[in-house]
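Biologist: Please take one part of this model and go through it closely. Then place that part in its surroundings.

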Amino acid sequence: MNKTATIDLTHAARANVTSDARTAVDGAPLPAAHPQPLLDLPPGEARQSLLAVHGILDTKLPPTSLSIYEAGGGSTSFLPLEILQRAHVTVVDIDEDQIRSNDYAQETILGDIQSYRFPPGSFDLVICYNVIEHLADVEAALLGFCEALRQGGLILIGAPNPKSLSGVVTRYSPHWFHVWFYRYVRGEKQAGQRGQPPFPTYFHPLVTLSNLENFASTHGLQMIYRKQYESPRYPEMRARKPVFAALLDTAARVMNFLLPGNVDVRRGDYHVILRKR
């Protein structure tokens, strides 16, 4: 699967949008329209980081019409509405159900992002959100992104942190546990059914943030934004399952105390923006 989510990733909601500038994000009014997935995020680091990502895209992308490649695309877009309104979005996904549920792309292609190739310099932005952890060959996909990107273009990646508490649990627990977590902790009763997350997770070495940064530096990419943040699963669980969340928070505090350096194992996700030199 290309466009999916794992046990600790941002909730994949419908890509509905709102233009209500009075809606609050972490107590502050929204300055412009935002996608519903951002509004659905609980207050916290995940929402703040995605707002920061939106700000960077707004300033770094050309102010004219845009060409966007979404590598893995179902029913969700995490891009600002203003960008979507002036963009031609091309989605590639290996899952027919994900392609069928997409309602915001101008072009949808059934294909594997690890092998599918576009002509060089085709896009201003490549977005790969909640996807690379599910790929067996992340390097092949990233090389394709680099080739398809125009000079000065951007790659936005949202992915789990394999070294976090949720990343370790996702990596080493069986798939049936992931389905149980989605159904009975997150309350998603359709979890595990056809076309529904969670999907199998590979955690290729390039998903690790330090390895991804090294790849970028050796392939003509500049990392202009890098943020590890607390998984939105934690504030969700604090609201839905407070006892279970308290146990996890206690375990995380103990691990943070024992691990060297300034580590917070609750930082289960990250955003990265790469710029093609």
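Modeller: Take strand 11. Strand 9 (residues 149-160) and strand 11 run antiparallel, joined by 7 bridges. Strands here are DSSP runs of E with at least two residues, helices are runs of H or I with at least four, and both are numbered from the N terminus. Two strands pair if DSSP finds at least two bridges between them. One bridge puts G158 with H271 of strand 11.

This is a predicted model, where local features need pLDDT of at least 70, side-chain atom pairs count only at pLDDT 80 or more, and totals for chains, interfaces and linings use all residues. Residues are numbered from 1 along each chain as its sequence is written, and side-chain values use heavy atoms, with hydrogens and water left out.

Strand 10 (residues 221-229) is also antiparallel to strand 11, with 8 bridges. There, R226 stands opposite V272 of strand 11. Strand 11 itself spans residues 269-276, and 7 of its 8 residues are buried. Buried means under 20% relative accessible area, exposed over 50%, and partly exposed in between, with a 1.4 Å probe and protein chains only.

Now the whole sheet. It is open, has 7 strands in the order 7-6-5-8-9-11-10, and its pairing is mixed. Strand 7 (107-110) and strand 10 stand at the edges with a single partner strand each, so one side of each lacks a neighbour in the sheet. From one strand to the next, the twist averages 15°. Angles run from 0 to 180 degrees between N-to-C directions, and axes are lines fitted to C-alpha atoms, for helices over the stretch in contact. A parallel pair is found too: strand 5 (residues 66-71) and strand 8 (residues 123-129) share 3 bridges. In that pair, Y69 has V126 as its bridge partner.

Helices cover strand 11 as well. Helix 2 (residues 45-60) lies across strands 8, 9, 10 and 11, at about 160° to strand 10. Helix 8 (residues 209-218) lies across strands 9, 10 and 11, at about 170° to strand 10. Contact means heavy atoms within 4.5 Å.

How far can the model be trusted? pLDDT is the predictor's confidence in each residue, from 0 to 100. The protein averages 84, and 88% of the residues score at least 70. Over residues 1-32, pLDDT stays under 50, although the model has 125 contacts for them beyond four places in sequence. Where pLDDT is low, the predicted coordinates should not be read in detail.
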